[in-house]
Amino acid sequence: MSAPAALHEAEIEALRSLCERTLRRNWLEGVRAADRVAFAYTRPSPAHYPWQWFWDSCFAAIAWRRLDPWRSRAELESLLAAQRADGFIGHTIFWSGAPRDLRLFTYNVLSRSATMTASIQPPALAWAWRIAVGDPTQVPGILAHQRWLAANRDLEGDGLIWIVQPDESGLDASPQFDAIWGSRAHSRPGFVLLVRRNRRLRYDMRRIAAAGGPVCCEVMTNVLYALSRAALGEPSLTPAIVERMYDERTGLFWPLARPEPSTRPVVTWASLSPLALPDLPEAIGRRLVEEHLLDPLRFWLPVPPTSVSAVEPTFSLEDATVPGIRRYWRGPTWINSAWLVWLGLVRLGYREEADELSRRVVSAVLASGLYEYYDPYTGRGMGAATFAWSALAMDMAQPDPAAARSYLV
Ligand code: GLC
């Protein structure tokens, strides 16, 4: 596939060198002091996020394959080096010392000396390995990780996985969780109580569900899990995602929760994320694109897609309502979301729209640098600077032909 029509070679080159500079600066290698285990990974943003975050590493590995493929493997092998004997891998791995101070109250650790959190992040590892390294079925640690998820997070036996806190979805303060976790949602003062309670229940989904929840079956988390299953050649999870979470009336996917919230869920980009599934029924994909994603009032703003539909009352570009605490995923555009919905545009043959999305995203990234997220009206970079996974813009600027199949064979 050639470069999007409106992108010049010089822009593609500038993007590549910006991404390479940022990723190299964020790279960290060493050995853990306590047990001499070697690590190598891309810090999401050195000043703000010094540790290894699970899904950040998956995205960074995907970006590294274009620059220095050795690092893709090293990055994902570091996740595997942190793995527990039962297959679990945490949301954040503290290679260079555990969190302190305020973070002790908000991080999902079971003790002050924990080497990683006891919570998960979206399981994109097998998919990332397939895209950036090779065949994940040959990697026992990846198989063990998938088995852990199936054994510990499939609440209803239909294959879908459930999360015990909003941050397990990677979409932290997304308003889709407001009605589910209420005053204990992420970045709200009550979140520390949620963390305290879940520590007591050892982040064990079944114990938490039995204690009254909340637990949530989140759409995007299951999309990434489904892509990992597909990367391993396991039966598709797409039929279950459609059956349980697709609503024919609105043409959108909705999260499930226990207890069930009494108010209507907020429309966020997660409702569109099944676009990344290569076997999503075409009619559903077209509705997601034509009725929702391309709506210039809701998602298709100058730098799309917004993380929340812009007509929702909770949509906000104000990310620092509480001093010192950022509320993420409540409006601005994130590059991993743009890339995931772009896969659907490419697959379904929306060529012009896919190119337009690439052009707008790449322009914002080139103008501001790699930021954590972007103002969807102006493209201004927001949140943490030198943010690694925004390097996924390279995949949109210079598409790999396999993007039309979500990189799966
Ligand atoms: C924020 C994001 C989360 C990400 C982390 C590190 O908490 O919401 O998805 O993994 O930062 O970049």
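Modeller: In this predicted model, a residue is called buried under 20% relative accessible area, exposed over 50%, and partly exposed in between.

Colleague: Why is Val 192 called partly exposed?

Modeller: The relative accessibility of Val 192 is 33%. Partly exposed lies between the limits of 20% and 50%, so Val 192 counts as partly exposed. Val 192 is found in helix α8, and together with Leu 102, Phe 105 and Leu 193 it makes a nonpolar surface patch of about 380 Å².

Colleague: What makes Arg 200 exposed?

Modeller: Its relative accessible area is 56%. Exposed means over 50%, and Arg 200 is therefore exposed. Arg 200 is found in helix α8, residues 191–200. A positive surface patch is formed by this residue with Arg 184, Arg 196, Arg 202 and Arg 207.

Colleague: Why is Val 361 called buried?

Modeller: Val 361 has 0% relative accessibility. Buried means under 20%, so Val 361 counts as buried. Val 361 is found in helix α14, residues 351–368. From C-alpha to C-alpha, Val 361 and Trp 334 are 9.5 Å apart in space, and 27 residues apart in sequence.

Colleague: How do you know that Glu 156 forms a salt bridge with Arg 244?

Modeller: The closest N and O atoms of the pair are 2.7 Å apart. A salt bridge requires a side-chain nitrogen of Lys or Arg within 4 Å of a carboxyl oxygen of Asp or Glu, so Glu 156 and Arg 244 qualify. The pair links distant parts of the chain, 88 residues apart: Glu 156 is in the loop between α6 and α7, and Arg 244 is in helix α11.

Colleague: What makes the pair of Glu 312 and Arg 264 a salt bridge?

Modeller: The distance from N to O is 3.2 Å, and the limit is within 4 Å. Glu 312 lies in the loop between α12 and α13 and Arg 264 in the loop between β8 and α12, so the salt bridge ties together parts that are 48 residues apart in sequence. Glu 312, at 7% relative accessible area, is buried, whereas Arg 264, at 55%, is exposed.

Colleague: Why is strand β2 described as largely enclosed by the rest of the structure?

Modeller: Strand β2 covers residues 38–42, and 4 of its 5 residues are buried, so the description follows. Strands β1 and β2 run antiparallel and are joined by 5 bridges; Leu 28 has Tyr 41 in β2 as its bridge partner.

How values were computed
Residues numbered from 1 in each chain as written. Predicted model: local features only at pLDDT ≥ 70, side-chain atom pairs only at ≥ 80, totals over all residues. Heavy atoms only, no water. Buried < 20%, exposed > 50% of the residue type's maximum accessible area, 1.4 Å probe, protein only. Helix = DSSP H or I, 4+ residues; strand = E, 2+ residues; numbered from the N terminus. Pairing = 2+ DSSP bridges. Patch = residues over 30% accessible without salt bridge, like charges linked within 9 Å, V, L, I, M, F, W, Y side chains within 5 Å. Areas by Shrake-Rupley, 256 points an atom, 1.4 Å probe, with all protein chains shown as cover. Lys, Arg positive; Asp, Glu negative; His and termini not counted. Charge placed at Lys NZ, Arg CZ, Asp CG, Glu CD.
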